[in-house]
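These are my notes from a first look through one model. I wrote each entry as I looked the item up.

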Amino acid sequence: MADWDRESFENAVIADMREHGGVVTSGPLAGHPLLILTTLGAKSGKDRRAILTYTQDAGDYVVAGTAGGSPTTPSWVHNLEAEPHVTIEVANRATGATAAIVGADERDRLWEQHVAALPNFAEYPAKAGRVIPVIRITPAPAA
C-alpha cells in the first residue's frame with residue numbers, strides 16, 4: 001500500500017469522530033471504541049497524536065501498544081514513558097491525563113479484559129513476537 005497516506009486517514013477518522021460525538025461511523029474502525037491520545041514527542045518535543053482502541057477499568061482508559069501486531073513498540077509508548085502527562089479526547093471531550101505502563105500482574109489482568117472486549121487483539125502478541133505493553137490512562141480530576 002505505497003499510496004496509503006496515514007495523516008489523511010487519521011484526519012478523516014478524527015473528522016468522522018468529531019462529527020458523530022466521538023464515534024467512527026465508516027471505514028475499518030467503524031464501531032470501535034476510540035480515543036485520541038496526544039503525547040509530547042520524546043525526541044521532537046512536538047505534540048504527537050495516536051488514535052487508539054480502548055477499554056475501561058475503574059474509570060481509567062486502557063490501551064495497548066500493539067502497533068497492529070508490529071514487532072516494534074509504537075513511538076507513542078516511548079513518548080509517554082518520557083512524559084506521562086498526556087491529553088486524551090473521548091466522545092469529543094478533551095482532558096488532561098496521566099499515562100503509565102502497568103506492571104506484570106496488572107498487565108495480565110488488563111490484557112485479558114482487553115482481549116475479551118476486543119477479540120481481534122488476541123493475535124497481536126504472537127504476530128509481534130513481543131510482550132505488548134498495556135497502558136492505564138487516568139484522566140485528571142475535573143476542576
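**Entry 1, the pocket lining.** I began with the largest pocket and asked which element gives the largest share of its lining. That element is β2, with seven residues. The model I am reading is a predicted one. I then listed the elements that give two or more residues to this lining, and they are α1 (6-19), β2 and α2.

**Entry 2, the pocket itself.** I looked up how much space lies in the largest pocket and noted about 920 Å³. Its lining has 31 residues. Nearest the centre of the pocket I found Arg 6, Ile 51, Leu 52, Ala 67 and Trp 76. I sorted the lining residues by kind and got 15 nonpolar, 10 polar and six charged.

**Entry 3, the hairpin of β1 and β2.** Since β2 had come up in the lining, I looked at how this strand is paired. Seven bridges hold β1 and β2 in an antiparallel pair. Leu 52, which I had noted as one of the residues nearest the pocket centre, is the bridge partner of Leu 35. The two strands make a hairpin with six residues between them. In that turn I checked Gly 45 and wrote down a positive phi of about 75°.

**Entry 4, the whole sheet.** Next I wanted the order of the strands in the sheet. I read the order as β2-β1-β5-β6-β7-β4-β3, an open sheet of seven strands with antiparallel pairing. Which strands are at the edges? They are β2 (47-53) and β3 (55-57), and each of them pairs on one side only. From one strand to the next I noted an average twist of 35°.

**Entry 5, β5 and β6.** I moved along the sheet to β5 and β6, an antiparallel pair with six bridges. One bridge I looked up sets Glu 89 against Ala 94 in β6. This pair is a hairpin too, with two residues between the strands. Ala 91 in this hairpin takes a positive phi near 50°.

**Entry 6, β7 and its two neighbours.** I looked at the β6 side of β7 and found five bridges between these antiparallel strands. On that side Ala 99 stands opposite Ile 137 of β7, and Ile 101 has Ile 135 as its bridge partner. I then turned to β4 (residues 60-64), which four bridges join to β7 (residues 134-139). These two strands also run antiparallel. Here I noted Arg 136 in β7 as the bridge partner of Val 62.

**Entry 7, the helix on the sheet.** I asked which strands helix α2 lies across. The helix, residues 75-82, lies across β1 (34-40), β2, β4, β5 (85-90), β6 (93-101) and β7. I took its direction against β1 and noted about 55°. α2 had already appeared in my list for the pocket lining.

**Entry 8, the protein as a whole.** I counted four helices and seven strands. Along the sequence I read the pattern as α-β-β-β-β-α-β-β-α-α-β. For the overall extent I noted a C-alpha trace that spans about 45 × 40 × 30 Å along its principal axes. Last, I checked the radius of gyration, which is 15 Å. A compact globule of 143 residues would have a value near 15 Å, so the two agree.

Definitions and conventions:
Residues numbered from 1 in each chain as written. Predicted model: local features only at pLDDT ≥ 70, side-chain atom pairs only at ≥ 80, totals over all residues. Heavy atoms only, no water. Pairing = 2+ DSSP bridges. Axes fitted to C-alpha atoms, helices over the stretch in contact; angles between N-to-C directions. Contact = heavy atoms within 4.5 Å. 1 Å grid on protein atoms, 1.4 Å probe; cavity = no way out; pocket = protein on both sides within 12 Å on 5 of 7 lines; lining within 4 Å. Points joined across faces, edges and corners; volume = space filled by probe spheres on them. Nonpolar A, V, L, I, M, F, W, Y, C, P; charged D, E, K, R; others polar. Rg over C-alpha atoms; globule rule 2.2 N^0.38 Å.
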